[in-house]
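Here are my notes on this one, set out point by point. I hope they are handy to keep beside the viewer as you go through the chain.

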Amino acid sequence: MALDPDCIFCKIIDEKIPAEIVHRSENVVAFNDLNPQAPIHVLIIPTVHTENAASLAKMSPTITADLFNAAAQIAAERELTGYRTVFNTGADAGQSVFHAHLHLLGGRGLAWPPG
Ligand code: 5GP
Ligand code: ZN
């Protein structure tokens with residue numbers, strides 16, 4: 001199944017619900033996070049439904065790389081000198097949407113270690 005009709009991010013891919021889309025290609029859609037944690041907070045997702053980063057990597061190393069290449073392109077467009085990319089996996093790590101998504105965070109100093 002390419003898209004899951006019950007998945008909120010699949011609905012964004014399909015333009016069934018609105019989002020501020022900043023990048024789209026065959027394999028990738030990127031849009032601004034509804035609840036941004038930094039001045040730039042973009043979610044970069046595969047256009048195929050799969051639960052998390054590991055399942056995506058197993059399904060397609062190419063699409064996994066496409067997410068990171070999109071992150072680099074968006075960061076370059078915004079002239080970010082540094083940025084953070086994050087996949088949360090599992091509810092214990094804060095994953096709340098079970099369609100793989102790469103967070104791109106930037107535009108402010110980012111502390112380490114993260115919370
Ligand atoms: P997670 O917690 O699963 O790693 O990240 C899910 C992210 O999706 C959260 O940062 C949340 O703010 C964002 N989010 C959830 N629902 C929507 C939505 O309908 N639209 C947009 N643009 N972002 C969403
Ligand atoms: Zn989905």
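1. Let me begin with the cysteines, bearing in mind that this is a predicted model. C7 is buried, at a relative accessible area of 7%. C10 counts as buried too, with 3% relative accessibility. As for bonds between cysteines, the count of disulfides is 0, because a pair would need its sulfur atoms within 2.5 Å.

2. Next, the overall layout. The chain holds 3 helices and 5 strands, and read from the N terminus their order is α-β-β-β-α-α-β-β. The radius of gyration is 13 Å, close to the 13 Å that the globule rule gives for 115 residues, so the chain is as compact as a globular protein of that length. If you are setting up a box, the C-alpha trace spans about 40 × 30 × 25 Å along its principal axes.

3. What share of the chain is buried, and what does the surface consist of? Buried residues account for 40% of the 115 residues. The exposed area is about 6,600 Å², and carbon and sulfur atoms supply 53% of that area. Looking at contacts between residues at least 6 apart in sequence, 52% of them join residues at least 24 apart.

4. A word on charges, in case you plan any electrostatics. The chain carries 7 positive and 12 negative charges, and the mean positions of these two sets are 3 Å apart.

5. F31 is a good residue to centre your view on. It belongs to strand β2, which covers residues 28-32, and with 3% relative accessibility F31 counts as buried. Setting aside neighbours within four places in sequence, F31 is in contact with F9, I12, A19, E20, I21, V22, H41, V42, L43 and I45. One of these partners, A19, is 12 residues away along the chain, and the C-alpha atoms of F31 and A19 are separated by 6.3 Å.

6. Is T50 buried or exposed? T50 sits in the loop between β3 (40-46) and α2 (53-59), and T50 is buried, because its relative accessible area of 7% falls under the 20% cut-off. Not counting residues up to four places away in sequence, T50 touches S55, L56, M59, F98, H99 and A100.

7. Two backbone angles deserve a look in your Ramachandran plot. E15 has a phi near 60°, a positive value in a residue other than glycine. E15 lies in the loop between α1 (8-13) and β1 (21-24), and E15 is exposed, with a relative accessible area of 60%. Phi of E79 is near 55°, again positive in a residue other than glycine. E79 is in the loop between α3 (61-77) and β4 (83-86), and E79 is exposed as well, at 69% relative accessible area.

8. Last, please check the peptide bond that joins W112 and P113 when you prepare the file. This bond is cis, with omega at about 5°. P113 is found in the segment after β5 (102-106).

Conventions:
Residues numbered from 1 in each chain as written. Chains lettered and ligands numbered in written order. Predicted model: local features only at pLDDT ≥ 70, side-chain atom pairs only at ≥ 80, totals over all residues. Heavy atoms only, no water. Helix = DSSP H or I, 4+ residues; strand = E, 2+ residues; numbered from the N terminus. Rg over C-alpha atoms; globule rule 2.2 N^0.38 Å. Buried < 20%, exposed > 50% of the residue type's maximum accessible area, 1.4 Å probe, protein only. Contact = heavy atoms within 4.5 Å. Areas by Shrake-Rupley, 256 points an atom, 1.4 Å probe, with all protein chains shown as cover. Lys, Arg positive; Asp, Glu negative; His and termini not counted. Charge placed at Lys NZ, Arg CZ, Asp CG, Glu CD.
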